[in-house]
Amino acid sequence: MNLDDDIQYIKGIGQKKAIGFAKLGVKKAQDLLLFFPVQYQDRTKISEIGNIAFNSQVCIFGKIGEVFQRQLSMSLFLMEIEIFDRSGTICVRFFRKKSPYARFDPFGAIKKDFQTGKFAYVFGDAKWDLRSKYISVNDYEIVENENDCPNAFKKILPVYSGTENISQKHIREAVKTTVEMFKDSYPDISDLITPFKGLEKIKSPQAIEQIHYPKTLEDGEKARRAFALQEFIIFETALAISRHENKVSTKEQKYEIKRNLLTPFRENLNFEFTKAQKRCINEIFDDMKKDFPMNRMLMGDVGSGKTVVALSAILLAVENGYQSMIIAPTEILAQQHFNAIEKMLE
């Protein structure tokens, strides 16, 4: 397989899970390789049960004791499980909904996992109510013996953007397989980059693996910055090639300032152009009159008048017989632009 292959052929994914990944914009092996975590859960610290900081997220480890189950309402059920270590005991809680007419046990899988005498790693929110202190469970892992090594605890755990059709567990498994298969296939240009002060050079395969599985939060950030630098330089190189091609290829459109739209537009505005606006408009007009395509970015604070500058360029195009388009990243912003421009063009 290669980076452009469909992810359904990666071990453990298949066609059904591939549909769920597609909703996240992940279709190819490369997409999954670069499907970086949106955040991390620090599960490196295991808190003693007797010293838990409440109103916070904690990881605990202990032996499984008694299991209690009770009904809170017609459809809401609660299961509490004792977990204890040398420092103390606490109950971890699971809530489940069940129709009063259903025959299945909503806690069946949990009862099967939490068997008295086994050991449990639990990650969740430490809380207290009028009755007792407890942990509302977000994730857990069961091990047979006290010294068994867990898969999802005692480490920094990546958290990914998800969808209802695919769980974090499935995403992590798929990403792990993909990283192992493809990390060495991803292009690397780190040897071509001049050293940057305060920015560590890390090759792409190591950076990708470190972003997904950092040993510390600082390691994850270092890898992200190093990988981002490579991506930025590739992007800037592509832009430089594009600019060069633009300068050697002439465009079909020809523009000249006729002022049959620009002048009445300016005169009917209820404000004067600022010096910066005038300078930018003149620079854009100069670019538009040249024989090769314009490549320009206009930057300014909110309310500085960028829309009026863009609209002036549009009017130059229109009075030369061409059409124009404004593209906005959201529907709300597009509607705001439409309303503002319609008012200015009345």
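How much area does the chain expose, and what percentage of it do carbon and sulfur atoms supply? The exposed area comes to about 22300 Å², with 51% of it supplied by carbon and sulfur atoms. Keep in mind as you look around that this is a predicted model. Here's a quick tour, going from the whole chain down to a handful of single residues.

**The whole chain**

- The chain holds 10 helices and seven strands.
- Its C-alpha trace spans about 85 × 50 × 40 Å along the principal axes.
- The radius of gyration is 30 Å, whereas a compact globule of 346 residues would have one near 20 Å.
- Of the 346 residues in the chain, 34% are buried.
- Take the contacts between residues at least 6 apart in sequence: 61% of them join residues at least 24 apart.
- There are 50 positive and 46 negative charges, and the mean positions of these two sets are 2 Å apart.

**The nonpolar cores**

- Some background helps here: in soluble globular proteins, nonpolar side chains tend to be buried together.
- In this chain, the largest nonpolar core has 26 residues. Ile7, Ile10, Ile13, Phe21, Leu32, Leu33 and Ile171 are the ones with the most contacts inside it.
- Several helices pitch in: α1 (14–22), α2 (29–33), α4 (168–182), α5 (204–212) and α6 (217–248) each give at least two residues to this core.
- Helix α4 supplies the largest share, with five residues.
- Want to zoom in on one member? Setting aside residues up to four places away in sequence, Leu33 touches Leu3, Thr178, Val179, Phe182, Lys183, Tyr186, Ile208 and His212.
- Another core, of 20 residues, lies apart from the largest one. Phe77, Met79, Val92 and Phe114 are among its residues.

**A helix residue: Ile233**

- You'll find Ile233 in helix α6.
- Is Ile233 buried or exposed? Ile233 is partly exposed, because its relative accessible area is 26%, and the buried label needs a value under 20%.
- Leaving out residues up to four places away in sequence, Ile233 touches Ile189 and Ile193.
- Ile233 and Lys63 are 170 residues apart in sequence, and their C-alpha atoms are 52 Å apart in space.

**Two loop residues with a positive phi**

- Asn55 isn't a glycine, yet its phi is positive, at about 60°. It sits in the loop between β1 (39–42) and β2 (56–71).
- Asn55 counts as exposed, since its relative accessibility is 64%.
- Lys154 isn't a glycine either, and it has a positive phi of about 60°. Look for Lys154 in the loop between β6 (133–143) and β7 (156–159).
- With a relative accessible area of 51%, Lys154 is exposed; the cut-off for that label is over 50%.

**Three more loop residues**

- Lys118 is in the loop between α3 (108–113) and β5 (119–128).
- Why does Lys118 count as buried? Its relative accessibility is 18%, and buried means under 20%.
- Beyond its neighbours within four places in sequence, Lys118 is in contact with Gly62, Lys63, Ile64, Asp113, Ile142, Val143 and Glu144.
- Asp129 is in the loop between β5 and β6. Its relative accessible area is 32%, so Asp129 is partly exposed.
- Which residues does Asp129 contact, leaving aside its neighbours within four places in sequence? They are Arg93 and Tyr134.
- Asp129 and Ile171 are 42 residues apart in sequence and 34 Å apart in space, C-alpha to C-alpha. You met Ile171 above, among the residues with the most contacts inside the largest nonpolar core.
- Lys254 is in the loop between α6 and α7 (262–268). At 49% relative accessibility, Lys254 counts as partly exposed, because the exposed label needs over 50%.
- Apart from neighbours within four places in sequence, Lys254 is in contact with Asp291, Asn320 and Tyr322.
- Lys254 and Tyr322 are 68 residues apart in sequence, and the distance between them in space is 9.7 Å, C-alpha to C-alpha.

Definitions and conventions. Residues numbered from 1 in each chain as written. Predicted model: local features only at pLDDT ≥ 70, side-chain atom pairs only at ≥ 80, totals over all residues. Heavy atoms only, no water. Core = buried A, V, L, I, M, F, W, Y, C linked by side-chain atoms within 4.5 Å. Buried < 20%, exposed > 50% of the residue type's maximum accessible area, 1.4 Å probe, protein only. Helix = DSSP H or I, 4+ residues; strand = E, 2+ residues; numbered from the N terminus. Contact = heavy atoms within 4.5 Å. Rg over C-alpha atoms; globule rule 2.2 N^0.38 Å. Areas by Shrake-Rupley, 256 points an atom, 1.4 Å probe, with all protein chains shown as cover. Lys, Arg positive; Asp, Glu negative; His and termini not counted. Charge placed at Lys NZ, Arg CZ, Asp CG, Glu CD.
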